[in-house]
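Q: Please take a close look at one part of this model. I would like a connected account of how its helices meet, with the surroundings added where they help.

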Amino acid sequence: MGRYVSRWSRKFWLMVYNVFGENFRMGEYDVALKRMHQYDNIKKELDDYMRLLNKLIIPEDDIPSDYLTHDVTGAVYDLRILKRNIDRLHKELDDLEE
């Protein structure tokens, strides 16, 4: 009697074979997976910064200021530091894409 193999198990092993097929060289998949994970983390961090910037209150007076207040918590953020962090993340994304 043969052992029962579920449909999901067969699909999994077919997927594994397609990833680790006959032309697979060790290391390429790992590097690509790490880069994809790093790219996703940077994109999530950028999205978090954009959500934060959308919740900051711009002062109504015409006096330019580098400090903005969060509309819910009232915390004060330095716009220069936020811009520096966003620029750093964009640079990391550009480096990853090359």
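A: What follows starts with the chain as a whole, then turns to the pairing of two helices and its surroundings.

The model is predicted. The protein chain holds three helices and three strands. Along the sequence they run α-α-β-β-β-α. Of its 98 residues, 14% count as buried. The accessible surface is about 8,600 Å², and carbon and sulfur atoms account for 57% of that area. Take the contacts between residues at least 6 apart in sequence: 49% of them join residues at least 24 apart.

Now the part in question, helices α2 and α3. Helix α2 spans 28-54 and helix α3 spans 79-97; these are the elements that give two or more residues to the largest nonpolar core. That core has eleven residues. Its members are Ile 42, Leu 46, Tyr 49, Leu 52, Leu 56, Leu 68, Leu 82, Ile 86, Leu 89, Leu 93 and Leu 96. The largest share, five residues, comes from α3. In soluble globular proteins, nonpolar side chains tend to be buried together.

Salt bridges also link the two helices. Arg 88 and Glu 45 meet through their side chains, at 3.9 Å from N to O. This pair ties distant parts of the chain: Arg 88 sits in α3, Glu 45 in α2, and 43 residues separate them. The 3.9 Å distance falls within the 4 Å cut-off for a salt bridge. Arg 88 is partly exposed, at 36% relative accessibility. Glu 45 is partly exposed as well, at 32%. Both values lie between 20% and 50%, so neither residue counts as buried or as exposed.

Arg 88 has a second partner. It forms a salt bridge with Glu 92, with the closest N and O atoms 3.1 Å apart. Here both residues lie in helix α3, four residues apart, about one turn of the helix. Glu 92 is partly exposed, with a relative accessible area of 30%. Glu 45, Arg 88 and Glu 92 thus belong to one network of salt bridges.

Helix α3 carries another such pair. Asp 87 bridges to Lys 83, again with 3.1 Å between the closest N and O atoms. These two are also four residues apart in α3, about one turn. Asp 87 is partly exposed at 40%. Lys 83 counts as exposed, because its 52% is over the 50% limit. The full count is seven salt bridges.

Next, the strand side of the core. Leu 68, a core member, has contacts well beyond its sequence neighbours within four places. They are Leu 56, Ile 57, Ile 58, Pro 59, Ala 75, Val 76, Tyr 77 and Leu 79. Leu 56 is itself in the core.

His 70 belongs to strand β2, residues 67-70. It is buried, since its relative accessible area of 10% is under 20%. Leaving out residues up to four places away, His 70 touches Leu 52, Lys 55, Leu 56, Ile 57, Ala 75 and Tyr 77. Leu 52 and Leu 56 are core residues. A polar atom of the His 70 side chain also lies 3.1 Å from the backbone nitrogen of Thr 73.

Last, back to α2 and the surface. Leu 33 is found in this helix. It is partly exposed, at 39% relative accessibility. With Tyr 29 and Met 36, Leu 33 makes a nonpolar surface patch of about 270 Å².

Terms used: Residues are numbered from 1 along each chain as its sequence is written. This is a predicted model: local features need pLDDT of at least 70, side-chain atom pairs count only at pLDDT 80 or more; totals for chains, interfaces and linings use all residues. Side-chain values use heavy atoms; hydrogens and water are left out. A nonpolar core is a set of buried Ala, Val, Leu, Ile, Met, Phe, Trp, Tyr and Cys residues joined through side-chain atoms within 4.5 Å. Buried means under 20% relative accessible area, exposed over 50%, partly exposed in between (1.4 Å probe, protein chains only). Contact means heavy atoms within 4.5 Å. A polar contact is a pair of N or O atoms within 3.5 Å; within protein, one must be able to donate a hydrogen and the other to accept it, and residues adjacent in sequence count only if both atoms are side-chain atoms. Patches are made of residues with over 30% relative accessible area and no salt bridge: like charges are joined within 9 Å, nonpolar side chains (Val, Leu, Ile, Met, Phe, Trp, Tyr) within 5 Å. Accessible areas come from the Shrake-Rupley method with a 1.4 Å probe; for residues, only the protein chains shown count as cover.
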